[in-house]
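Visitor: Please take me through one part of this model in detail. I would like a close look at the sheet, with the charged features after it.

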Amino acid sequence: MPSTASEPQALTLYAQMVLIRVLEEELQKLCDIGEGADLHFNKGQEAIAVGVVAALRPTDYVVAHHRTIAHAIAKRVPLEPLVAEVLGLPGGLCGGRAGEMHLSDPPHRFMFSFQLVGTCVPVAAGLAWAVKNYQKTDDIVVVFHGDAATSNGQWHEGLNLAAVQKVPLLLICENNGLAGNVTPKYYQPVPWVEERVSGYGIRHCRIDGNSVQGVYDAVQQVGAAIRQMGKPFFLECMTTRLSKHKQGQGDIRSKEELAELALRDPLLQEARRLGLPHEQSDDVFCEAEEQVELAIAAARGEVVEAGASG
């Protein structure tokens, strides 16, 4: 059985989710005034990235889709160069040239992120093949993608490659039931994405993606199996996007619908599970706000008060 995260670790995971939420909110404000360009939001989906990466080794690799900020934060990509990259500044991870959708930080094994939906999967399968056949380690490659990606040809090519070559690839499907503003009836002919995986002979299961503890436990168990058997696994994480798809695009859902969906907010769920008093939760948000403020100032090259730290 997988080990449950200890209370100190659980608090760290909660703080990571809060940091992602606060960072995206502040970056959105900068985009609104023209300091940033494109931005895709993880609001409501933070538990997946945080829970998955917490259950990995630092030497495991991550490949992501266009909704990248949560995965980068979870993989411990430094905050200041991450912010600088999103803002197109020279101090960014990729010199300010890649932007939000093409982040890369190989030293932290956050390898690639991709704009075109589904293209991350065959690349991740190739990376997993290299890990198995050239590096010959028991590290695994994790690739994050959405449910809509499973309707693109690249996704199917990637799964076929992973299955035939028997590579150590963990496919994480963040199933928020939307492709931008398009609903599943237009792109998904089966009730669950995992049904599409069966045809490739890849093991799979479906879990609550809004429970950071549940995600952590599942990936600990699945990751151990991948290391032992060297074969791919598909994990469908059911979640809810609580914001618009991207900067500059509206949302087809009503305020009432979003308010009801917000009851599933993973931050609220985890705070309740941990029994955090409001004061402690507020402190976590305040600390995240300070980190983000300092990172934005440093990315801009502004003077930071003596004694402050990011």
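Guide: Here is the sheet, followed by the salt bridges and a charged patch.

This is a predicted model, where local features need pLDDT of at least 70, side-chain atom pairs count only at pLDDT 80 or more, and totals for chains, interfaces and linings use all residues. Numbering starts from 1 along each chain as its sequence is written, and side-chain values use heavy atoms, without hydrogens and water.

Six strands form an open sheet in the order β2-β1-β3-β4-β6-β5, with parallel pairing. Strands are DSSP runs (E, at least two residues; helices are H or I, at least four). Pairing takes at least two DSSP bridges between two strands. β2 (110-113) and β5 (203-208) each have a single partner strand, so one side of each lacks a neighbour in the sheet. Strand β1 (residues 61-64) pairs with β2 in the parallel sense over three bridges. There, V63 stands opposite F112 of β2.

Now the charges. The structure holds 14 salt bridges (a side-chain nitrogen of Lys or Arg within 4 Å of a carboxyl oxygen of Asp or Glu). One joins the side chains of K29 and E26, at 3.0 Å from N to O. These two are three residues apart in helix α1 (residues 7-32), so about one helical turn separates K29 and E26.

Helix α11 (residues 278-300) holds E287.
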